[in-house]
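Reader: I have a chain to look at and a few questions about it. Can we go through them one by one?

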Amino acid sequence: CYRHLMTLGLDFFADQRSGDLMSRISNDVGAVEDLVVHASDDVISNVLHVAGSAVLLFVLDWRMALVALAPLPLFVGMLWGFTRYIRPVFNRIRKELGEINARLQERLGGIHVIKAFAREEAESASIEASSRAYYEANCKSIWMWSTFFPLLSLVTTTGLVVLVWYGARRAATGTALTAMSTGTIIAFLRYMQDFYRPVGALARVQNVINRSLAAVARIFELLDTQPTVRDAPGAAELPAIRGRVEIAGVAFGYATGEAVLRDISVTAEPGEVVALVGNSGAGKTTLVNLIARFHDPAAGAIYIDGIDIRQVTQRSLRRQIGTVLQETFLFNTTVRENILYARPDASEEALIAAARGAHAHAFIEKLPDGYETVIGERGVRLSGGERQRIAIARAFLADPRILILDEATSMVDTEAELVIQQALRELMQGRTTFIIAHRLSTIRQASQILVIEDGRIIERGSHDQLMRRDGRYRAMISRQFQQVPELS
């Protein structure tokens, strides 16, 4: 289930709550495990017991056997009807449990915001409301089952009464062919109890089955979801590349139907730096996500060294692309393992060189356990600047031919920024780099600057070229620095 989840694209995760997905992988899979491990052996043993008891009943007396089994159709019909009514209740239970997990995961992740705005009581009330909905759904299922099962017992008990009456009548009034001895009647009662006892056990197992089927439905809903980005049949491995990127007439829109990119064409030669600027929501991040093939364009194509990226495996493509995001994600493990995530087989020398290049080695050595320091969930034990430098070190270690920087120095203090900018310039030598920039002072040396607005490139050129125009880029520089620099 988790393996399939890892094949799904970013668009799927954008529409899902991680807590609910966690509930499906852990709680729902656990419910199915209960069915397979605990219920299956009960079903097999009880079915064999029922079959054996039925055979013995017919061997003793087929007429009495028919009377003994007369309540069985009513028993099965009641069980079938009950299943129809209780299964939606179990579906609701699984849904409410997923909601609780989603809320918990989200609230624990945002505990700093909750504390900052003194919302502890309100959030506790929210979780309590979700827990109550889950409790009420469980209570309803328990009430339905505790009411239904005595009705099943009443049916079987009525069958026993009818069997005693019929057997006594035959013993008293029957002919030589139909008369029954008291011993035979007692044996019948015993075998009939042996028949209905496992039938009742199967009815109880049905409760487990209904619970598990609700979980199975949620699991298969996940497994039936297909990734929107797939490797083409027979996709080849992308060979070592020089880093020429050609974006040819690309258009893209999300499932909502809104166009995000319109007819984007860009060519970046190896070693060139392409900066993307524009307002939030203009499509900058979407464009670099297309290069890494997190999405496929609705029109046009993207070529790397002349190879359509849809014709190579995603794994081989992304191994040659390094990414540093503005929102750094670090795992709750050691500094060493977080940096080595980019290249687990890297040597100690390469690891330290990457850390030095990211201006991280000095502060790492001052940590309690150096590179073996566990940094907490999402790197909570590090400052924002330190987390960002760990992420930059990870990109250094990957040694990619194509580099994507999403405002990679935004979380770094001013003093460290100058050093890291120099390190990044060295890293970018000979590599094709795409920079999403909000701090325009960081992109003056870019080979190309693309101004994107409403999914279109409205201006392109070097910093000097764009500053000579009275266009959008010049206006952005003016707003950011509160003055228009003199033209050179």
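Reader: How many Å apart are the mean positions of the positive and negative charges of the protein chain?

Author: A word first: this is a predicted model. The protein chain has 53 positive and 53 negative charges. Lys and Arg count as positive, Asp and Glu as negative. The distance between the two mean positions is 6 Å.

Reader: What is the radius of gyration of the protein chain?

Author: Start with the reference. A compact globule of 488 residues would come out near 23 Å. The C-alpha atoms here fill a box of roughly 125 × 50 × 45 Å along the principal axes. The radius of gyration of the protein chain is 34 Å.

Reader: What share of the residues is buried?

Author: Buried means under 20% relative accessible area. The count runs over the 488 residues of the protein chain. The buried share is 44%.

Reader: In the open sheet of 4 strands, what is the order?

Author: The protein chain has 17 helices and 10 strands. In this open sheet the pairing is antiparallel. Strands S2 (259-268) and S5 (307-308) each have a single partner strand, so they stand at the edges. The order is S2-S1-S4-S5.

Reader: How many bridges join strand S1 to strand S4?

Author: Strand S1 covers residues 245-253, and strand S4 covers residues 299-304. The two run antiparallel. The number of bridges joining them is 5.

Reader: Which residue in S4 stands opposite Glu246?

Author: Glu246 falls in strand S1, residues 245-253. Its opposite residue in S4 is Tyr303.

Notes: Residues numbered from 1 in each chain as written. Predicted model: local features only at pLDDT ≥ 70, side-chain atom pairs only at ≥ 80, totals over all residues. Heavy atoms only, no water. Pairing = 2+ DSSP bridges. Rg over C-alpha atoms; globule rule 2.2 N^0.38 Å. Buried < 20%, exposed > 50% of the residue type's maximum accessible area, 1.4 Å probe, protein only. Charge placed at Lys NZ, Arg CZ, Asp CG, Glu CD.
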